[in-house]
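Open the model in your viewer and set it to cartoon. Keep the selection panel at hand.

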Amino acid sequence: MDHVRVTQILSAARRRTDPDDYPELPGLRHAHGLPERGVGSGRHVRYLAQQEVDLLLGHEAGRGVYRRLEAARIPNPSAEVIRGVARVLRLREHEWNELHIALFGHKAPKPLDPQAGQAVTCNWQRVIEQHPAPAYISNFGWDVIVHNQQADALFGPMPGNIMRWMVSLPPHQDSRSRMPDWEQTWLPVALSQLRGAVRVQQNNATLRQIEDEVLADEYLAALYRSNLDPYLHPDGSRRLMYHPGERRTGVMNAAAAEPMGSPGARAVFMMWTPLDSESARSLAWSAEPPSVCGGA
């Protein structure tokens, strides 16, 4: 545990609070025998006191749970306590991750806000729209948030949900004809991604609906329940893809990233090369992992 960093993150967030933003606070203070704010000691504190954070968390006034947490004196705090504190202090997503790193040495397994990753900043939108290669951003449920004209031309047009397109679910029942190696590369990878995403966000309505439709199809359900290889992201993917505008098949190479302000979203940039070109032969799909540039 990084004791100094835990204290820095929590104390800075607490000093950013405004007690007036917590209408339940006066009643909680009264119920626990504390005087009104502005009376007695602490009347000059313009942000939440440590004791008030405990009250908002539902703890007894004298337990000092939050005080010990802010002082980094709880070695392994529960997920319930951490999420409760983050909710009360209204941590931003990057602070939520920084707190987990300071406490446990890794990023948070889930976003603080269930709706995180549903939208991206205007800067990301401009980057996607102005990029010369086909590009799009999808949220955690694979709904497409933003895409450019090049992606529209490649997908012909861009689907509203990229997972539905990859799995060939309505309204994209015919999309598999656009993926010549659909059964070998597109489908197993997509189903593996879907299964992993459902495990992470079991209450995501979009993911659940897609999963239900997959399980309702005998062929898809058998593959979905099989021993699929784990697959975390599309970065470095190389697959065959038919370009309707070009009217020919090519190799699609993808580079993917997660916008830092939208955890769970995926920004995907695609390079499509005609299959009969010299460059495509060197980039064509293979079972080998993608090469890494710039390594030592």
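The tour below goes from the whole chain to a helix pair and then to a sheet.

**Whole chain**

Start with everything selected. This is a predicted model. The protein chain holds 13 helices and five strands. Colour by burial next: of the 296 residues, 45% are buried. The chain exposes about 16100 Å², and carbon and sulfur atoms supply 52% of that area. Now consider contacts with a separation of 6 or more: residues 24 or more positions apart account for 53% of them.

**Helix H5**

Select residues 79–89, which form helix H5. Which residues of H5 are buried? They are Val-81, Ile-82, Gly-84, Val-85, Ala-86, Val-88 and Leu-89. Show the surroundings to see what covers them. The cover includes helix H1 (3–15), helix H3 (50–57), helix H4 (65–70) and H6. Then step just past the end of H5 to Arg-90, where phi is positive at about 55 degrees.

**H5 against H6**

Add residues 93–104, helix H6. Two packed helices are described by the angle between their axes and the distance between the axes. Here the axes come within 11 Å and cross at roughly 145 degrees. The crossing is right-handed. Show side chains at the contact. From H5, pick Ile-82, Arg-83 and Ala-86. From H6, pick Trp-96, Leu-99, His-100 and Leu-103. By type, the contact of H5 with H6 has five nonpolar residues, one polar and one charged. Ile-82 and Ala-86 appear both in this contact and among the buried residues of H5. An α-helix has 3.6 residues a turn, so residues three or four places apart point the same way.

**The sheet**

Hide the helices and select the strands. In what order do the five strands lie? The order is E2-E1-E5-E4-E3, in an open sheet with antiparallel pairing. The edges are strand E2 (144–147) and strand E3 (238–243), each pairing on one side only. Neighbouring strands are turned by 35 degrees against each other on average, direction ignored.

Zoom in on strand E1 (residues 135–138) and strand E5 (residues 266–274). They run antiparallel and are joined by four bridges. Label Ala-135: opposite it, in E5, stands Phe-269.

**Helices on the sheet**

Bring back helix H7, residues 122–130. H7 packs on the sheet and touches E1, E2 and E5. Its direction makes about 55 degrees with that of E2.

Last stop: helix H10, residues 182–200. H10 also packs on the sheet, touching E3 and strand E4 (248–257). The direction of H10 makes about 110 degrees with that of E3.

Terms used
Residues numbered from 1 in each chain as written. Predicted model: local features only at pLDDT ≥ 70, side-chain atom pairs only at ≥ 80, totals over all residues. Heavy atoms only, no water. Axes fitted to C-alpha atoms, helices over the stretch in contact; angles between N-to-C directions. Helix = DSSP H or I, 4+ residues; strand = E, 2+ residues; numbered from the N terminus. Left-handed = near helix turned anticlockwise from the far one by under 90°. Contact = heavy atoms within 4.5 Å. Nonpolar A, V, L, I, M, F, W, Y, C, P; charged D, E, K, R; others polar. Pairing = 2+ DSSP bridges. Buried < 20%, exposed > 50% of the residue type's maximum accessible area, 1.4 Å probe, protein only. Areas by Shrake-Rupley, 256 points an atom, 1.4 Å probe, with all protein chains shown as cover.
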